[in-house]
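Q: Could you help me take a close look at one part of this protein, and then show me how it sits among the rest?

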Amino acid sequence: MLNLERLRTLDALARHGSVSAAAEGLHITTSAVSQQMSKLEREVGQQLLAKNGRGVRLTDAGRLLAEHAARILSQVELAQADLEAQRGQVVGELRLAAFPTALRGLFPAALTALRTEHPALRLTSRELEPEYGVAAVLRGDADLAVVLDWYNKPLPMPEGLAKAPILDDRVEIAMPEEHPLADRSEVDLADFADDEWVAWPEGEFCHEWLLYTLRTKGIEPRIAHRAEEHHTQLALVAAGLGVCVAPRLGRDPMPLGVRAVPVRNRVHRYIYAVWRVDADRRPSIRAAVQALRTAAEKVR
C-alpha cells in the first residue's frame with residue numbers, strides 16, 4: 001500500500017526540482033524529505049532518486065511514480081472538495097496568497113470577516129508576486145491566490161485553474177506636489193517622457209508592464225529607482241526623486257508632498273482570485289471570494 005504523505009513528498013520533489021525546495025514547499029526539513037523518500041523506495045522496491053552533482057534527480061521509475069502521484073493527489077483534493085460541498089460547511093484549512101498591495105488592501109478586512117463568520121475555518125496567508133502566486137496554487141502550496149492582469153498585458157494563466165474577478169483597480173501617476181503637471185485633472189503617460197521613474201524591481205511582472213506600456217507610446221523610460229513596495233516608491237516620489245505608477249488598492253495613506261493624478265483613457269489593472277479547478281466546489285473557496293469582493297467594495 002502506497003503511503004499518501006510519501007507520494008506527496010515525491011510530487012513536491014518532481015514539481016520543485018530539489019530536496020531543499022520541496023522541503024520549503026511542504027514546510028518540513030530536508031532530512032524529513034530524505035527520510036520519506038527512503039521509505040517510499042523501500043515500499044516500491046525501486047530506486048526513485050539518483051545523485052545529480054550536488055543535488056538529486058528522479059530516475060525513470062521516480063518520474064513514472066511522480067506522474068501517478070500527481071493524479072492521485074488531485075483526486076484526493078477533489079474528494080475533499082466534494083465532501084466539503086456535500087456538508088455545505090466552511091471548515092478545514094485555507095491557505096491564501098496575494099501580491100503586496102492586495103495583501104495590505106484586502107486581506108485585513110477579508111480575513112477578519114472569514115474568521116468571524118466561519119470560526120471553524122483555519123486561515124493562513126503569505127505575500128507572493130502574481131506569477132509566484134499562480135505557481136503556488138498549481139503546486140498545491142496555496143489554495144487560492146489573488147493576482148492581477150494589466151489592462152493591456154494579461155498575466156499568463158496555465159490550464160487547470162479557475163478564476164473570479166475581485167476588483168478593477170484604477171491607476172494614477174504619483175508625482176511631487178511641485179511637479180509641473182501636479183495641478184492637472186488628468187495626465188497621459190506620454191507627458192512623463194522626460195521624467196525619471198520609480199519602478200518595481202527588474203524582471204517583475206509589473207516592471208515589465210511599465211516598460212512595455214511606455215515603449216508602445218514611443219517612450220524609452222528612464223528608470224532611476226527600483227523598489228518592491230508601493231509605499232517605498234511613494235516615499236521616493238515625496239523626496240522629489242521621480243514619478244511612479246500609483247494604483248488605488250493598498251495605497252493609503254499617501255505621504256505628504258505627493259499628488260496622484262488620474263491617467264487619461266483609464267489605465268487600470270484587473271484583480272482576481274485563482275484556485276485549482278479540482279477545488280472548485282469547496283465552500284471555503286466560495287466564502288473567501290465573497291469576503292474579498294466585500295473588502296474590495298471599500299476601495300472603489
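Is His207 buried or exposed, and what is its relative accessible area?

A: Happy to take you through it. His207 is buried, because its relative accessible area is 2%, and buried here means under 20%, exposed means over 50%, and partly exposed covers what falls in between (1.4 Å probe, protein chains only). Keep in mind that this is a predicted model, in which local features need pLDDT of at least 70 and side-chain atom pairs count only at pLDDT 80 or more, while totals for chains, interfaces and linings use all residues. Residues are numbered from 1 along each chain as its sequence is written, and side-chain values use heavy atoms, with hydrogens and water left out.

His207 belongs to helix α8. Helices (H or I, at least four residues) and strands (E, at least two) are DSSP runs, numbered from the N terminus. Setting aside neighbours within four places in sequence, His207 is in contact with Ala199, Trp200, Pro201, Glu202 and Arg226, where contact means heavy atoms within 4.5 Å.

If you follow the chain onward from α8, which spans 205-216, you reach Glu220 in the loop that leads to β8 (222-226). In contrast to buried His207, Glu220 counts as exposed because its relative accessibility is 51%. The side chain of Glu220 makes a polar contact with the side chain of Arg215, at 2.9 Å. A polar contact is a pair of N or O atoms within 3.5 Å; within protein, one atom must be able to donate a hydrogen and the other to accept it, and residues adjacent in sequence count only if both atoms are side-chain atoms. Glu220 can also be placed against Asp194: these two are 26 residues apart along the chain, with 9.3 Å between their C-alpha atoms.

Now for the wider picture. The protein has 10 helices and 11 strands, and its C-alpha trace spans about 75 × 50 × 30 Å along the principal axes. Of its 300 residues, 47% are buried, and His207 is one of the buried residues. Among contacts between residues at least 6 apart in sequence, 74% join residues at least 24 apart.

Next, the beginning of the chain. An unreviewed UniProt entry lists residues 2-59 as "domain: HTH lysR-type"; such annotations may be inferred rather than shown by experiment, and the positions are given in the numbering used here. Over residues 2-59 the model is 62% helix and 14% strand, with the end C-alpha atoms 18 Å apart.

Met37 sits in helix α3, which covers residues 30-44. Met37 counts as buried because its relative accessibility is 2%. Beyond residues up to four places away in sequence, Met37 touches Thr9, Leu10, Leu13, Leu48 and Leu49.

Lys51 lies in strand β1 (residues 49-52), and it is exposed because its relative accessible area is 78%. Outside its neighbours within four places in sequence, Lys51 is in contact with Val56 and Arg57. Between the C-alpha atoms of Lys51 and Leu7 there are 20 Å, with 44 residues separating the two along the chain.

Thr59 is in the loop that joins β2 (55-58) to α4 (60-87). Thr59 counts as buried, since its relative accessibility is 12%, and it touches Gln47, Leu48, Leu49 and Ala50, not counting residues up to four places away in sequence. So Leu48 and Leu49 are touched by both Met37 and Thr59.

Gln80 is found in α4 and counts as partly exposed, because its relative accessibility is 48%. Gln80 and Asp278 are 198 residues apart in sequence, and their C-alpha atoms are 9.5 Å apart in space.

One last feature is worth a look. Most peptide bonds are trans. The bond from Asp252 to Pro253, though, is cis, with omega near 0°. Pro253 is in the loop between β9 (244-247) and β10 (258-262). From Met37 to Pro253 the C-alpha distance is 50 Å, and the two are 216 residues apart in sequence.
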